[in-house]
Amino acid sequence: MKSWVSRIALSVVLVLLLGALAGCGIPKNDADNPKKSDGPITLEFWTINLKKDFSDYIQGLIQSYEKAHPNVKIKWVDVPGQEVDRKLLAALAAGEAPDVVNLDSMNLPKFVDQDALAPVDGLLQPNDLNAYFANLRQGLTFNGKLMAVPWYHAGPYIGMINTDLYKKAGLDPNKPPANLDEALQHGKLIHQKLSNVYGSNTFPNIMLMVAEGLPILSPDKKKAVFNSPQHVQFVQKFVDAYKTGAISSGVIGKEERSLPQNLENEQVAIATMQGAFNLTKIEKNAPNVFQKIKVTPPMKGKAGIIPLKGIQTLVVPKASAHPKEAADFAKFVTSPENQLAFCKLVPIFPSTEQTLKDPFFTQFEVKTKQDEARKIMVSSMKEVVSDTLGIQNEQDLRDAFDEEMRAVLMGKKSVKQGLDDAVKKWNESLAQSQ
Amino acid sequence: MSMPTPTQPVPQSQVPPRPRTRLGLRRFPWVPYLFLLPGVAFFVIFDYIPAFNALYLSFTKYHVLSPPEWVGLENYHDMLNDPSFWKALKNSFAYMVIMVPMLVVIPLFLAILVNQKLKGIHLFRVAYYLPVVTSMVTVSITWNYLYHESGLLNYLLITLGILSKPISWLLDVNTAIFAVALVESWKSMGFYMIIYLAGLQSVPQDLIEAARVDGANRLRIIWHVIIPMLRPFVALCVVMAGMGSMQVFTSVFMLTQGGPLDSTTNLTYLIYDLAFQKLNMGYASAVGMVLWVILLVLSILNFRLSHGGERMQ
């Protein structure tokens, strides 16, 4: 036993010694000391999953830019979608920062919180920035600074209903739900008639509260205020809906993309806010269900807005050696002409107003369901509001809110208790970040 | 003892058992250590330095993009007051309580089953071992379908009259941890079966024959001869299953992401969440140290038991 004690003691000493040595190896943040170079400039440009299908397009952009800027070389790196935030983090921590990075807006707050990004409004002229939709810029603005150049996105949400299930439930598929109350009412009737089918996967989250015009934060963003009687009443609708099958039993699952009941397996009849790419997914995975799908306008809350959940952006890390040139390249990639060319290759939506005015978006024949969806999306672009609150630890706080709502739906907490607990967590975090 | 010179004839029986190299181990006794160096270097670089670095980081506030700031025991103090940590610790032990019996008892019977001298028995051995070499991601996706509300498991249980209505196995706080532990155990059973199989094949046949001559039936032979002889293997499996159950991660990540309501979050998943989702590396390292201590205790236990096993041999 004595030998064990001495061995453990020796291990601890070694651990502390090596730990201290290893700590010395952690690279210092060189964000404030960008590398300088006198020769031709090389910009490292990261994209997400574009090499396989859009290599020619991106290479074309790069060649055009290099031709117009002979002193600049672009090194293109394509990164798998789910790894970009981790790879960027590792690159920044290792002091090997790329210059222009394609980042999903949902991943943006993480890097803004770490003070890792250069505000682009300090690098580009106001006229350049005015080319982008103001409502998209607003969602990328943190503490009054625009932290990313908006690029492409999947477009505003659309709604979808399964006409076959609607008819079987005795509902008129030509009268899809126009608002949340109707959607929950339709869902309840559908589940009453068809016991193995639920209404929808609508979950009481922050985004829906915003759409309903319910305040989330105090005007100075220092306090969470979502536990008023109006908020309680709003969440109570979902608790009732959960009990009656108006929303699915699996809606409490954490991974949205793999909820057990969905449109594809016909266990859900209504999707109130869906990305149009889901339409193509259903067509591919469940062609028989696709035949029954009717595309509808997305559900608008009482605030009359359509939240937009995530857009692709281009950011310039603070540690970039050439932030001005990097921002200029980002402006080039996201120019109205280049975005239009990209939109013609794949069903995406642009971030520049001028692109959306092109006949490609305004004058097209509606032949398919995808065309119908596109028409709805173009017309609702002006009602879109970016789904970000612009606070520190936003994703963590939203996750904490969702977790409380899961507990409420499962009956582990009352609505008031769940909201109070979430407000408490938010306020603790908001107080720390001030 | 003096060594014979090369000119003297050496009888075969007097040749020293250790082979001599051209370098001559006696002149260069450090040569064997050179052969150990690559392995040692690998361990130091990829195992020990990161582990010791984690210990250092556990005393710091570190969010990756700025240098670590020394905070002493603050992370450990926060941990003691963090309900998420206590829940994860409790769940880690819950996995152990659920998985260890499954990984110790069932593989033993599987091993006895596949130790029969039957035609095509190798096929069964392969079949039971196949999940071990299958990717945990693939296994999790498959089990996710089985656990689905309208999946095969619910269908069977309802058809057999065991359930009256389907259960959302992975979305119910009462069942989720059992569902995840079952997937983990199912995947690992073949590995433990192989350990037992090796043990079974080392049981002296004359003992079994003697018991049979004394009139013992098959069950008595298993209970009174085979299982006592396998005691060191059982002990090894208990410790290995304990360590394995402490490190469950992929199935939690794939099936539940720690939910519902953190009911499947264990220390490993909590560390991942803190480090790579919340970028709170310092605190994650502190939680990691707790897991390290638990695993260290289990390793010491494993080491002592395996030594015990050697003595029994």
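**Three helical regions of chain A**

In helix α11 (residues 277-285) of chain A, the buried residues (under 20% relative accessible area with a 1.4 Å probe, protein chains only) are A:N278, A:L279 and A:I282. Viewed down the axis of α11(A), these buried residues fall within an arc of 105°, so they line one face of the helix; the arc is taken from the directions from the helix axis to the C-beta atoms. On the face turned away from that buried side sit A:F277 and A:K284, which are exposed (over 50%). Packed against the buried residues of α11(A) are several elements of chain A, among them β9 (268-274) and α17 (369-380).

This is a predicted model, in which local features need pLDDT of at least 70, side-chain atom pairs count only at pLDDT 80 or more, and totals for chains, interfaces and linings use all residues. Residues are numbered from 1 along each chain as its sequence is written, chains are lettered from A and ligands numbered from 1 in the order in which they are written, and side-chain values use heavy atoms, leaving out hydrogens and water.

Helix α3 (residues 84-93) of chain A is mostly covered, with seven of its ten residues buried. Its cover includes β1 (41-48) and α4 (108-113) of chain A. Just after α3(A), A:G95 takes a positive phi of about 75°.

Helices α18 (residues 394-409) and α19 (residues 415-432) of chain A pack at an angle of about 165°, their axes 9 Å apart. The pair α18(A) and α19(A) is therefore roughly antiparallel (angles over 145 degrees). Contact (heavy atoms within 4.5 Å) involves residues including A:F401 in α18(A) and A:W426 in α19(A).

Methods. Axes fitted to C-alpha atoms, helices over the stretch in contact; angles between N-to-C directions. Helix = DSSP H or I, 4+ residues; strand = E, 2+ residues; numbered from the N terminus. Parallel < 35°, antiparallel > 145°, perpendicular 65-115°, else oblique.
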